[in-house]
Each structure stands twice: as C-alpha cells, then as structure tokens.
Amino acid sequence: MVDDNELRKLSNAAVPAPGESAKARAFEAALRAYDQENISPVTQGSAGGLRLTERAQKLWSEIMQKKLIATPALAGLVALPIAGYATFHMLREQPSPVGGDEKITETLADKPATLKTTTAEPKQAAAALEKDKKADVDVESRDASGDALAPPASPPQSQTTAVGGLAPQDGRTQNVTPNADAPATVNESQSATLRAYKPAPAPKGEFALDGTTSAPSRVARMPAAEPKRMSPQQPAAIPADQVAPQEENRDRVQDFKTNPVHAALEDPVSTFSIDVDTASYSFVRGSLKQGYLPQADTVRVEEMINYFPYDWKGPDSVSTPFNSTVSVMPTPWNAHTKLMHVAIKGFDVKPTEQPKANLVFLIDVSGSMDEPDKLPLLKSAFRLLVSKLKADDTISIVTYAGDAGTVLMPTKVAEKDKILNAIDNLRPGGSTAGEAGIKEAYKLAQQSFIKDGVNRVMLATDGDFNVGQTDDDDLKRLIESERKTGVFLSVFGFGRGNLNDEMMQTIAQNGNGTAAYIDTLAEAEKVLVEDASSTLFTIAKDVKIQVEFNPDKVSEYRLIGYETRALNREDFNNDRVDAGDIGSGHSVTAIYEITPKGGGGEQIDPLRYGQAAVNNGGVANADEYAFVKIRYKLPNEDVSKLITTPVTSANEVASFDRASTDQRFSVAVAAFGQKLRDEDATGKFGYDKIMEIATAARGADPFGYRSEFLSLVRLASALGGNR
C-alpha cells in the first residue's frame, strides 16, 4: 500500500523542475500507484461532473502549495500543466464508477487536459480550483514585485513557442497555432500565468570585445504570445537514472598524421605550401574554455603559431613582396637537436596605398544559423568590417538557404546605412544551397570587378552545403575555375556542432584566400579589423617553400606542422600547382627540428652503403645546414619568382635564451600545439616548461593575444595534468 506520507515523498522527488520530463513521468507513476493501491483520487460528481475526493484533494493541495512556494515561478508554470494532465489522465484509463444517472459528457481525448461540466462544479472541486488559482496569483504577484524577468527591448518578430511554452532543448523555436476552440476551464489559470511571463532581454555585452560571451538563455526566447495548451501526448521521457544524451557533434575536420622524422641522406628535400589560416587556434581556444582538451585533428600547429603577429624584418618595397629570416637555435625540449626557424614577413601596404576593394558577402542564413554564436555574431562581425572600409569600396550581399538570393546589389561604402540595414535584416531559415550561393556571389563580383583592385568573395557559414554540389572535390573544382578570373575567396566559420572545417580549408586554399574561425566578437575584430589588410589585400600568391638539407651536417629533420599543406618535390617548380597566399603585413613562420650529424640524437640507423655518397670530399657547400628556396607569384602574374637563402653557422644562435623574444614565443606555441596533439617529441616536456618560455617571451602585447595564450596553457595543464 502507498500511504499518504509515501505519496508525499514520491511527489517531492518527482514534481518536475523546468525541463525535467523524467520527473514528470515519475510523478505520473506515483499517482498511478496511489490510485491502484489506495483510492482513486477522482470520482464522478452528483450531476455528471468531476471532482477530487476529499482525501486526494487535501493531499494534492498540500503538495502543490508546497511546490509552488518552494520553486521559482517558471517551475510552477511547468508543474501545473503536467500535474493537471497526470491527475485527469487516470480518469480515461481507470474511471471510478459510482452508478446513478451521472455521466461524463466530455473525455480527455476530446479536449486535452480540459474538463467540461454540464452543471455547476461541486463545492469541493470549486475549492480545489480556487486554491490552484490562488497559487497562480501568488506566483504572478511575486513576478510583479521584482522577481520576474524584465521584458525585452523589442518583442520577437515571430510568434513561436514549443509545447508547454518552453523553448526546445536545441534553443530553436517552433511555429504553433493556439487552440482557439478549447474552453478556458482548468487550464485557464495556467494560461494566465504564461501570459504574465515576460522574457528577459539578451544580456548586455553578449559579444563583448574582451572575447567573452554570455551563455544563451533558453527562457529568454519565450515569445510574448499566449502559447498553445499542452497536449496529453507527451514526448517519451528519459528514465530518471539515465543522463540525457548530448546533441550529436557533426563538426568535420580533416584527419592527418604528424610529420615523421626524415633521414637527410635518403630524403633531403622538404616541400610545402605556406599557411596563413588561423582557424585551428580559435578551435583550440574554444575547446579549452569549454572545459575539455581539443580533439587532436583540430590542432594544426602551424595555424596556432601563425595566429600571432610577429615583428619579423620585412622588405623595403612592394616590388619584393616579403623577406625571409632563418635562424638556428637549440631545442628546448631535446638537448640533442636544434630548431631551424624560418620567418617570413610580407610587405605592409600603407592605408593610403591600398587598392580599392570589391567585396561580396556570401552569408549562410540556413536554419542552423539560428544560434547566438552564428548569425547574430556574424552580423556584428560584418558590421565591424564595413566600418573599416573606405567610402569608395564596394559591397554586395548574397545569401543562401535552399536557394541563393541577392540581398544587396553592389553598393559603395559611402552608403553605409543602406549596407548595415541589409545586414541587420538577415533572418535564418531553410537548407544550405552553398553551390548556388557561390555562383551568384562570383557573378556579382564580376559585375563590379575592379582592375588592379581587390576582388574577393567572403563566405560566412556554420557548416555543410547540403543542396547542390556538396562534395568537397566538386566545390574545389568550382572554386579553382572561378579564381582564374581574378576573384579570390575567403571563408569564415561560425558556431560549433555543424562546422565543416575540412570543406572550409579546401575551398579557401583553392580560392586563394584564408580560412578563419570566429567564435567571439573579439576574434571578429582581430580578423576583420586589426588584420583587415592581411585578410583582404594579397601581395603574393602561390607561395611555396622547399628546403634541401645537407646530409653532411644534418642527419635527420622533421617539419613541425604543415601536414595538410605538404607538396610533392616536383610541385615546387610547377606554376600550375596552387599554394598559399600572403597578405599585406602577414607574418609566416615554419620551424624544423633538425638533428646535427654526430650529435647523438639520431632516431634512424644510417645506411650501410650510403656514406660514400657524401663523405668523399667533393661535396659543394659542405658547411651549410640547408638551402631554403621560396617560390611565389605576384597577384596579377602567372609566372613565379624565386628567393633563395643558404643556412650556415652564421645563422646560428648560441643559446635558446639568446634568440629573439618573438622567436622564443613562437617556439613556445609550437611546443604547446605538439603537446595538445600528444606527439612523442614533447612527451616529456611539461606545460610548466611551455608556460615558463612563453611568459619570459611575452614581450609587447597590445591586444592581449599572448596573455590569453598563457591562460590557455594553464587551462590545458589543469585539464590534462602537467604531464
């Protein structure tokens, strides 16, 4: 038997707080147990109506008053509909016949959670209803006295809600139609409470420039309109002893293996494309700040290194688009090896010399973009970019969701209000027709093409293209054909859970552009304002690096990072092979870990018959560590030029501490990236050592990027242990 005290105990544990559907199910089970083993809490009224038995009515009122007093207003909103449904649902399955002429004139199946009587309610039922209404009034009075959430500055445009008036768990809303035919009986007090609810405005500084974001409030998305009454058909609840499954993460990243150690005697040449993308660093930062170590394949070490601005020595004129500086220094994590540090600095075009820009914003407005860190952040980011451009620059806007459409024809930035208004009016909805959007964007870019200017499509998206050409190779071919017209493409990713990083990398590399991941407004400011020149204004394209190591001085070498940018040896001299681009003022860093011959750190056994090939006294340039070659094209040319740099003992630094501040900091970032990938090279090099190097080499940090890096190292150390 389930006595009153046990029912109270079950009820205390089971009356649901907001969103706890498992408890709702448990509470219904408690009522069923009470009904089956004690007494049905519902009987028929003398005139065919319905009322609670005095015993159940008293117990029910006691439980509900306790719950309404002990829980916030929102808990009451959820508990009342569920409780009403749970109580009256038993009538349909286990009615208590009492005989006589009394009859039920309307079933729960006809009017969900709604009761209709042919005559006045009995006094007992009326008293119970009065208590419920009084509890609702108490909740409303608490809201009015200051506990309620303040109304938003402007009401939502669409009158949408989820069942029961709460936002769905994925944060999106659903369109519903209020049931105008249902009589306002038992649920009237619930409706009054819901009508009195006022959602909170978005927190101020939600995309603050300090890089922080406020967690989106689900209750703040509740619309002001009266929601549809709760249906008795409840979704399947998760058992109370199970954890609700997390939403599937559909992020797509390219998997790759860490560069191996090469024997210089057998394989002396290393060839790769430069990489100025920064998406990986933002990914890593987001993961650590959410409390978990990043997936190894999201860590591209070169993108982490190149995220930071460095004061490398640049060229003196635009005729030589960049300058390279090579240094050799001891390795902090291995006493038997050295680091060969290759630093490239692009020519920094002065604002007065910057060419005119013709930009097409290609914006994903599919339904999945309806998240605070997606379309709202995207709109704020592009507003920042508009403020950076000159009055005679041109902007067009193309959106895609199901089909592509032109939101703004080519417009001069002098008409800034018109451009900003077009951005502000973007709304999410539909599938993702990326291919059609890209074609439409290139078409507009060609209409406004500026000779000797910047012609660029700027794609902003959160994920896959699921309409039209969706294969990465097909998109690659499409972008390759379009870039020949002189229109380049950059990609900016927003949000997590559906991001196709692999696709972003593919089309950015083949569109002569960059790929960045924007997770905060501070990152948007860095990419689109502080680094606008390097993001928009290309000074050299198809930049490749090839290093030949001298096996008489170097036994082994390993390139740190750039796994996804590897090229064949023969690709270096093939001008048809695409490679990375350098923008105005861009800095690019590549680091090799090398093992000097005879240093005792070799990992590969020497060839038995290989020494005669190099140890014959006839080797030219035997004193060189390596020979660095860089091949590039000017933006409007198709024939590459060559820059060469021999690396000798003159490039060597006596100790690691004697290296420049920027060199030491970049090495600390390289060590951190390898550590996050759990690479063997840094397996015994702890986070504390990385912190020590980075702290000593922080130097000038006007935007706080390096200070933020130090905080990420501390987070990784706490999450992974100082191993």
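## Exercises on a predicted model

R664, F665, A668, A671, F672, K675 and L676 of α16 touch Y687, I690, I693, A694 and A696 of α17. The model is predicted. Work through the exercises with the structure open.

**Exercise 1.** Sort the residues of the contact of α16 with α17 by class.

*Solution.*
Step 1. Take the residues on both sides, including F665 of α16 and I690 of α17.
Step 2. Lys and Arg count as charged. The contact has 2 charged residues.
Step 3. Ala, Leu, Ile, Phe and Tyr count as nonpolar. There are 10 nonpolar residues and no polar ones.

**Exercise 2.** Describe how α16 and α17 are placed: are they roughly parallel or roughly antiparallel?

*Solution.*
Step 1. Two packed helices are described by the angle between their axes and the distance between the axes.
Step 2. Locate α16 at residues 661-676. Its axis and that of α17 come within 8 Å.
Step 3. Read the angle: the axes cross at roughly 155°.
Step 4. Angles over 145 degrees count as roughly antiparallel. Therefore α16 and α17 are roughly antiparallel to each other.
Step 5. Add the hand: α16 passes α17 in a left-handed crossing.

**Exercise 3.** Do the same for α17 and α18: at what angle do their axes cross, and which residues make the contact?

*Solution.*
Step 1. Find α17 at residues 687-696 and α18 at residues 705-720.
Step 2. Their axes come within 10 Å and cross at roughly 170°.
Step 3. So α17 is roughly antiparallel to α18.
Step 4. From α17, the contact uses Y687, I690, M691, A694 and T695. From α18, it uses F709, L710, V713, R714, A716 and S717.
Step 5. By class, these residues are 8 nonpolar, 2 polar and 1 charged.

**Exercise 4.** Decide whether T538 is buried or exposed, and list what it contacts.

*Solution.*
Step 1. Place T538 in strand β13, which covers residues 538-549.
Step 2. Its relative accessible area is 18%. Buried means under 20%, so T538 is buried.
Step 3. Look beyond its neighbours within four places in sequence. There T538 is in contact with R456, F488, D581, I582, G583 and P635.
Step 4. Pick out R456. Its side chain makes a polar contact with the side chain of T538, at 3.0 Å.

**Exercise 5.** Set these details in the whole chain: how many helices and strands are there?

*Solution.*
Step 1. The chain has 18 helices and 18 strands.
Step 2. Of its 723 residues, 52% count as buried.
Step 3. Take contacts between residues at least 6 apart in sequence. Of these, 79% join residues at least 24 apart.

Notes: Residues are numbered from 1 along each chain as its sequence is written. This is a predicted model: local features need pLDDT of at least 70, side-chain atom pairs count only at pLDDT 80 or more; totals for chains, interfaces and linings use all residues. Side-chain values use heavy atoms; hydrogens and water are left out. Axes are lines fitted to C-alpha atoms, for helices over the stretch in contact, and angles run from 0 to 180 degrees between N-to-C directions. Helices (H or I, at least four residues) and strands (E, at least two) are DSSP runs, numbered from the N terminus. Angles under 35 degrees count as roughly parallel, over 145 as roughly antiparallel, 65 to 115 as roughly perpendicular and the rest as oblique. Contact means heavy atoms within 4.5 Å. A crossing is left-handed if the near helix is turned anticlockwise from the far one by less than a right angle, and right-handed if clockwise. Buried means under 20% relative accessible area, exposed over 50%, partly exposed in between (1.4 Å probe, protein chains only). A polar contact is a pair of N or O atoms within 3.5 Å; within protein, one must be able to donate a hydrogen and the other to accept it, and residues adjacent in sequence count only if both atoms are side-chain atoms.
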